[in-house]
Amino acid sequence: MATGRTHRPATRSRGIPEATVARLPLYLRALTALSERSVPTVSSEELAAAAGVNSAKLRKDFSYLGSYGTRGVGYDVEYLVYQISRELGLTQDWPVVIVGIGNLGAALANYGGFASRGFRVAALIDADPAMAGKPVAGIPVQHTDELEKIIEDNGVSIGVIATPAGAAQQVCDRLVAAGVTSILNFAPTVLSVPDGVDVRKVDLSIELQILAFHEQRKAGEETAAGDGALPAVTRENSADQGPDGDVPAVMPA
């Protein structure tokens, strides 16, 4: 079985923009739902609405994949599921280690969506000696002393950090030194990594703060509308837009 260490997605070498890559999981989630309902084809408008983007952006994204659909028919759902899965590297096995098996780490270990999306939890690792050997989601927790050996034995290239902030950088350094080249960071801190290592940060408190900002803005607009005044700022459709209006995907649902 192929592992993440020996096979890498071709998106960068093919010049697919990062913003497009960030939307591919959204399309895949919508397409998978259609596939589960045995829907054979879907129009760009229907798929764009399901993914939360506009249809012009969707068609441009798919053009990078060489998929243009058929006029009057739309896109073949099963073929797009395969095509996007292949582009994302999900047609192979990606062993993952989770470091930090507290409440969050345990919840991630119990998340059932990993296996169905091409990821295999190869090991659970924690610094607490009392955790060693205890099963979480059917997998025995191993001590951090074994981290490097675990990564080598399982050919791991993706690591998940769910430790407290103070331990995250040290764990990150050890993961990178052992050969991990992609990290999903749940610790509330910014990690420093060398070139060639990708880090995706998930910070739920930041997402909530962004939502609080927009709730406050909505309340202000309602007050201004009640007073007969025009709001000073026009609210955008997206709560967290990048330079080209893209909403970054954080975690698959």
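This is a short walk through a predicted model, from its helices to its aromatic rings and then to its strands.

Let's begin with two helices that touch. Helix H2 covers residues 44-51, and helix H3 covers residues 55-64. A general idea helps here: a packed pair of helices is described by how far apart the two axes are and by the angle between them. For H2 and H3, the axes come within 8 Å and cross at roughly 100°. An angle from 65 to 115 degrees counts as roughly perpendicular, and H2 and H3 are therefore roughly perpendicular to each other.

Which residues in H2 and H3 meet? On the H2 side you can find Ser44, Glu45, Leu47 and Ala48, and on the H3 side Ser55, Leu58, Arg59 and Phe62. Sorted by class, the contact of H2 with H3 has four nonpolar, two polar and two charged residues.

Keep your eye on Phe62, since this residue of the helix contact also belongs to a cluster of rings. The structure holds three aromatic pairs. In one of them, phenylalanine 62 and tyrosine 75 meet edge-to-face, with 5.1 Å from centre to centre and 85° between the planes. The two residues are 13 apart, and their pair links distant parts of the chain: phenylalanine 62 belongs to helix H3, while tyrosine 75 belongs to strand E2 (residues 75-76).

Are these two rings buried or exposed? A residue counts as buried when its relative accessible area is under 20%. Phenylalanine 62 has a value of 0%, so it is buried. Tyrosine 75 is at 5%, so it is buried as well.

Another aromatic pair is formed by tyrosine 111 and phenylalanine 114, again edge-to-face, with centres 5.0 Å apart and planes at 90°. Here the burial of the partners can be compared with the cut-off of 20%. Phenylalanine 114 has 15% relative accessibility, so it counts as buried. Tyrosine 111, at 27%, counts as partly exposed. Going back to the ring of phenylalanine 62, ring pairs link Tyr27, Phe62 and Tyr75 into a cluster.

Now let's turn to the strands. Strand E6 spans residues 139-143, and strand E4 spans residues 119-126. E4 and E6 run parallel and are joined by three bridges. Look for aspartate 126, which stands opposite histidine 143 in E6. E6 also pairs with E5, this time in the antiparallel sense, over two bridges. Here proline 135 has proline 140 in E6 as its bridge partner. As you trace these strands, remember that side chains in a regular strand point alternately to one face of the sheet and the other.

What lies between E5 and E6? Their hairpin has two residues between the strands, and alanine 137 takes a positive phi near 55° there. Alanine 137 has this positive phi although it is not a glycine. At 40% relative accessibility, alanine 137 counts as partly exposed.

Serine 38 makes a good last stop. Serine 38 also has a positive phi, of about 60°, although it is not a glycine. Where is serine 38 found? Look in the loop between helix H1 (18-36) and strand E1 (41-42). A residue counts as exposed when its relative accessible area is over 50%. Serine 38 has 64% relative accessibility, so it counts as exposed.

Key: Residues are numbered from 1 along each chain as its sequence is written. This is a predicted model: local features need pLDDT of at least 70, side-chain atom pairs count only at pLDDT 80 or more; totals for chains, interfaces and linings use all residues. Side-chain values use heavy atoms; hydrogens and water are left out. Helices (H or I, at least four residues) and strands (E, at least two) are DSSP runs, numbered from the N terminus. Buried means under 20% relative accessible area, exposed over 50%, partly exposed in between (1.4 Å probe, protein chains only). Rings of Phe, Tyr and Trp (its six-membered ring) pair if their centres lie within 6.5 Å; planes under 30 degrees apart count as stacked, over 60 as edge-to-face and the rest as tilted. Two strands pair if DSSP finds at least two bridges between them. Axes are lines fitted to C-alpha atoms, for helices over the stretch in contact, and angles run from 0 to 180 degrees between N-to-C directions. Angles under 35 degrees count as roughly parallel, over 145 as roughly antiparallel, 65 to 115 as roughly perpendicular and the rest as oblique. Contact means heavy atoms within 4.5 Å. Ala, Val, Leu, Ile, Met, Phe, Trp, Tyr, Cys and Pro count as nonpolar, Asp, Glu, Lys and Arg as charged, and the others, Gly among them, as polar.
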